[in-house]
Amino acid sequence: MIRNYFKIAFRNLWRHRVFSFINILGLSVGMSACLLIYLYVSFELSYDRYHAKGDRIFRVVTNIKTPTDTLDWNSASIPMSPAMKKDFPEVEQFVRIEPNSLLVSRGETKFQEDKLAFADSSLFSVFTLPLVKGDPDKALAAPWQVVLTETSAKKYFGTAEPVGQTLYLTGSRLPATVTGVMKDFPDNSHFKYDILVSMTTWTQKINPGLDDQWEGFNGFAYVLLHDAKDAPGLKAKLPAFIDRHIGKDLQKAQMTFTLDLEPMKDIYLRSKRGAPESGSLPNITIFSLIAVFILLIASINFINLATARSAERAKEVGIRKVVGADRKQLTGQFLGESVLLCMISFLMAVGLCALLLPLFNQLSGKTISHGIFDHASTIGILLLIAITIGLFAGIYPALVLSGFRPIAVLKGSFSSGKKGILLRKGLVVSQFVISIALITGTLVVYSQLTFMRNQDLGFSKQQQLVINFDGDSTIWQHYEAFKQQLTSLPNALSATASSAIPGQGNPTAYSQLENHLGVMQPTNMELFSIDYDFIKQYGIQIVAGRPFSTGFPSDSTRAILVNEEAVSTLGYHSPQEIIGKKFSQWGRQGTIIGVVKNFHFRGLQNAIKPMDFRIRPRDFSFVTVKISGRDVQKTIAAAGDLWRRTLPNRPFAYYFADEEFNKLYRSEDQFGQLFLNFAILAIFISCLGLLGLASYSTLQRTKEIGIRKVLGSSVGGIVNLLSKDFLKLVWIAFLIASPLAYIGMHKWLQDFAYRIDMDWWIFAMAGMIAMLIALFTVSFHAVRSALANPTKSLRTE
Amino acid sequence: MIKISDLQKVYRTEEVETIALNKLTFDVKEGEFVAVMGPSGCGKSTLLNILGLLDDPDGGSFLFNGTEVAHFNERKRADLRKRNIGFVFQSFNLIDELTVFENVELPLIYLGVKGPERKQRVETVLDKMQIMHRRNHYPQQLSGGQQQRVAVARAVVNNPKLILADEPTGNLDSSNGNEVMQLLTDLNEQGTTIIMVTHSEHDSRYSHRIIRMLDGQTVTENILV
Ligand SMILES: Nc1ncnc2c1ncn2[C@@H]1O[C@H](COP(=O)(O)OP(=O)(O)O)[C@@H](O)[C@H]1O
Ligand SMILES: [Mg+2]
């Protein structure tokens with residue numbers, strides 16, 4: 001019996017190749033999209049799940065409250081976590097990680113290691129990060145000890161034995177011994193480093209005294225509890241803990257620190273404080289929904305085409321019933337057919353995924369999977385899903401078909417599938433609702449991206465060649481001379497040095513500024529250290545007061561410029577009022593000498609916060625050369641030469657300010673690209689279904705078309721006749737999809753402090769796109785049959 | 001074997017009500033060969049469908065082998081049908097996707113006959129109908145006469161007690177038609193009861209008895225010897 005079912009199923013698929021092809025193509029494309037999204041989502045959900053003690057690990061984070069604002073930081077100061085271990089028996093162990101970027105060398109092999117961190121030895125016992133060589137208890141215990149990942153060990157030592165060898169930190173000055181080699185950090189870690197240096201190197205040798213600095217926030221701290229259930233109780237004790245250790249100092253500064261414990265497993269996706277790598281729960285939700293939608297669209301095609309063809313199958317049903325089949329057997333047969341079709345699609349989907357995976361890794365910006373066949377269980381699940389789709393999509397047509405009364409069918413008085421028409425229309429509408437909503441979403445994402453890229457940032461980012469010298473003292477000690485040499489490079493116009501470039505993070509400086517009431521108000525300011533030329537070269541406008549000037553010797557130590565945001569935060573009505581007011585910040589006191597117009601020193605996702613500029617060469621890390629834009633390569637080459645003469649130890653690292661700024665939108669860019677691709681898929685699958693339905697309905701109306709042509713109808717008239725019905729459906733879908741898309745994208749845009757308004761044209765355009773594609777799809781058949789010779793179609797009757 | 005009395009069938013559409021069978025009464029004994037004749041639209045096919053348990057009457061009684069079946073539900077009817085009744089239609093009604101062999105095999109599959117026995121029984125009947133050499137062909141590859149022979153083979157493969165034939169020669173030329181009539185006669189001689197609807201006086205002569213119908217009622221019954 002089963003064999004007979006499959007036999008006839010195969011023959012049916014083959015006889016109706018076009019329909020089968022449309023069905024299988026749609027389903028397999030839908031399934032592979034789903035599989036890819038499934039891999040992506042499960043990769044995102046797998047972050048930090050590999051730690052054996054993960055349930056008991058918590059990140060210690062700090063909220064810093066001043067009278068004006070609250071900063072929710074993801075870090076803890078150096079002494080906090082050791083003190084917690086000492087004070088609380090619940091805490092079994094702590095790990096601190098202090099990220100840094102150092103020049104590391106072994107003879108001529110030199111790398112600027114951006115992914116370097118100082119860390120406690122306990123890292124190897126708290127986290128599941130195994131050492132391949134070395135003693136986990138001692139590898140990072142003493143100062144000047146280094147642990148390399150396998151990849152970086154190969155980078156420095158090739159096949160030679162690294163343990164016991166010496167590497168030099170910060171160029172050639174600080175020797176350190178390699179005491180261990182660890183496995184590379186897994187891809188799904190929210191922090192990943194290439195080189196670990198013992199924490200004591202940082203706290204005792206490079207920054208002696210740091211062990212007592214409770215107010216310095218740069219790195220991360222994790223605690224391992226004996227029992228995860230202790231966390232709430234421990235949290236409750238933390239305010240008293242802070243009070244005991246630094247209550248007095250904080251009171252003086254009008255600040256409060258509130259510590260919190262974040263479960264390790266929540267950091268990557270759920271922490272609002274961010275992490276070296278963090279994911280987005282909304283994006284995961286969006287993509288999961290898209291996966292479900294795409295699968296839905298593909299299943300709808302299946303249902304539609306199957307019921308549309310029911311008239312053709314009716315005769316078979318009638319005969320089978322006459323010779324003895326009962327309804328159950330027929331239902332089984334039709335379900336079997338749809339399951340078979342889904343299995344074929346499934347096999348194709350797995351193949352398609354294997355092909356697309358590298359591309360998808362690239363698109364999503366990470367290696368979500370090394371190969372589709374690593375995921376036997378995932379494939380198993382998808383197979384189950386495929387069978388479920390087969391059953392789900394097959395059940396309706398199966399019930400309809402098996403319900404035919406044999407006499408009606410065999411007598412020919414059977415009217416072809418009129419019953420299903422409303423349902424089919426409804427399903428087509430829902431397909432296009434999804435497609436149009438996705439198209440609208442794509443348009444909104446891209447408009448927002450374009451807006452962010454083209455928005456006037458309040459500073460000039462063009463033709464700014466930025467060279468990162470990573471705070472090397474050779475430069476800042478002689479930077480005037482170096483600047484001179486830079487400005488004399490071909491096509492170089494001017495040069496300026498600074499601690500940061502707009503677009504990158506700045507240290508947040510705890511400051512006290514005189515507010516409109518004359519009170520010194522504690523304020524968190526983002527701080528740029530710059531030289532005298534920065535304001536001019538970056539085209540930042542002064543709205544009150546004056547820029548820094550060498551004419552005023554006190555400018556180099558006792559003056560700051562603030563932005564307009566700081567002016568309003570402090571309660572002033574106009575920028576003029578703040579000129580001459582007092583400030584106290586990070587060891588400096590003096591007056592505010594000028595106000596700069598607000599400019600975007602962060603991506604447009606973030607609102608502009610209060611910030612200030614000061615002069616301080618010691619902080620410099622970057623030089624920016626403004627170039628004319630003529631023969632850029634020559635300028636870069638000359639700068640490189642100059643670099644190698646001045647700093648032979650350091651690799652020449654440069655970029656352009658505008659490119660770097662646009663990188664702030666990389667994740668939005670990726671999101672947009674993924675969105676675009678899935679929207680294309682959705683509309684593609686929807687149109688496949690439409691193509692099938694259109695060809696079917698055209699087929700059914702062949703006779704009508706023939707008669708109309710004989711009576712003198714034009715080709716255009718017939719195309720119109722055949723397309724009208726379908727376009728009406730797209731139009732209805734448009735009316736439903738637009739408000740849905742509006743609501744969804746309105747929510748998405750909330751993440752951006754500066755965002756576009758969703759103009760009507762975005763919706764209109766999405767509707768137009770869908771309409772045109774649908775029209776094209778439908779008229780393909782309509783035109784063909786309109787052009788056909790009418791005598792032919794009439795003869796087939 | 002069959003005893004119907006006051007059988008009624010009414011078709012209601014939105015506009016009209018058609019009385020297809022109007023208090024029809026007759027019976028058919030086991031082993032008879034009965035021809036039903038009458039003008040188009042008089043209710044012959046309707047009658048055959050009810051006799052074949054494909055359709056249910058609106059009134060009256062239908063005794064099949066002494067059992068009242070007029071109010072059987074679909075499952076019971078299907079069960080009775082597949083064990084006792086074979087059909088032959090004017091338009092053959094073969095499944096285009098299946099070969100000759102598979103078409104004939106179908107009733108046995110639904111009866112739950114095991115593979116080897118099925119094969120043997122199908123081959124026997126194909127042999128008898130002289131289309132064994134076409135066993136792997138598809139219906140479209142056969143002539144009308146051959147297709148109807150396949151249909152007859154399919155109707156008899158499960159050894160039904162009753163064969164219902166609705167204008168079995170209607171789509172055939174006379175020589176093919178005669179062949180099919182010969183097959184039916186042979187079957188009847190082997191004991192199968194046959195009820196056949198036909199327009200052809202020629203074909204009706206193969207039967208023992210002719211029931212003439214008009215507007216859903218029997219008008220005469222001629223007994224042929
Ligand atoms: N499904 C149906 N719906 C409505 N009327 C029907 C249907 N089937 C048959 N009829 C009507 O019932 C009458 C008898 O039809 P039928 O039994 O097919 O006649 P015959 O086979 O003798 O030509 C006819 O008038 C026909 O129009
Ligand atoms: Mg008839």
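**Note on chains A and B**

1. β1(B) and β2(B) make a hairpin, and four residues lie between the two strands. The model is a predicted one. The two strands of the hairpin run antiparallel and are joined by eight bridges. As one example of facing residues, Y11(B) stands opposite T18(B) in β2(B).

2. The hairpin strands belong to an open sheet of four strands in chain B, with the order β2-β1-β4-β5 and antiparallel pairing. Which strands stand at the edges? They are β2 (17-28) and β5 (67-68) of chain B, and each of them pairs on one side only.

3. At the β5 end of this sheet, strand β4 (residues 59-64) of chain B pairs with β5(B) over two bridges, in the antiparallel sense. Here L63(B) is found opposite E68(B) in β5(B).

4. A helix goes with this sheet. α1(B) lies across β1 (2-12), β2 and β4 of chain B. The direction of α1(B) is at about 120° to β1(B).

5. Chain B also has an open sheet of six strands, in the order β6-β7-β8-β3-β9-β10, and its pairing is mixed. Its edges are β6 and β10 (217-223) of chain B; each has a single partner strand, so one side of each is left without a neighbour in the sheet. On average, and with direction ignored, neighbouring strands of this sheet are turned by 15° against each other.

6. One parallel pair in chain B consists of strand β3 (residues 33-37) and strand β8 (residues 193-197), joined by four bridges. In this pair F33(B) stands opposite I194(B) in β8(B). α2(B) packs on the sheet and touches β6 and β7 (162-166) of chain B. The direction of α2(B) makes about 80° with that of β6(B). Helix α5 (residues 144-156) of chain B also lies across β6 and β7 of chain B, but runs at about 170° to β6(B).

7. Now the contact between the chains. How many residues does each chain bring to it? Chain B gives 27 residues and chain A gives 25 residues. The size of an interface is often stated as the accessible area lost when the parts come together. Between chain B and chain A the buried area is about 2400 Å², and carbon and sulfur atoms give 54% of that area.

8. Side chains of opposite charge can pair when their charged atoms come close. Between chain B and chain A there are two salt bridges. One joins the side chains of D96(B) and K315(A), at 3.9 Å from N to O. Five residue pairs are in polar contact across the interface of chain B and chain A.

9. Which elements of chain B supply at least two residues each to the side that touches chain A? They are α1 (44-51), α2 (74-84), β6 (85-89) and α3 (100-111) of chain B. The most comes from α3(B), with five residues. By class, this side of chain B has twelve nonpolar, six polar and nine charged residues.

10. Over all chains, a search of the whole structure gives 39 salt bridges. One salt bridge, within chain A, is formed by the side chains of E92(A) and R56(A), at 3.0 Å from N to O. This pair links distant parts of the chain, 36 residues apart. E92(A) sits in strand β3 (residues 91-106) of chain A, while R56(A) is in the loop between α2 (17-45) and β1 (57-65) of chain A.

Notes: Residues numbered from 1 in each chain as written. Chains lettered and ligands numbered in written order. Predicted model: local features only at pLDDT ≥ 70, side-chain atom pairs only at ≥ 80, totals over all residues. Heavy atoms only, no water. Contact = heavy atoms within 4.5 Å. Buried area = accessible area lost by both parts, 1.4 Å probe. Salt bridge = Lys/Arg side-chain N within 4 Å of Asp/Glu carboxyl O. Polar contact = N/O pair within 3.5 Å; in protein donor to acceptor, adjacent residues only side chain to side chain. Nonpolar A, V, L, I, M, F, W, Y, C, P; charged D, E, K, R; others polar. Pairing = 2+ DSSP bridges. Axes fitted to C-alpha atoms, helices over the stretch in contact; angles between N-to-C directions.
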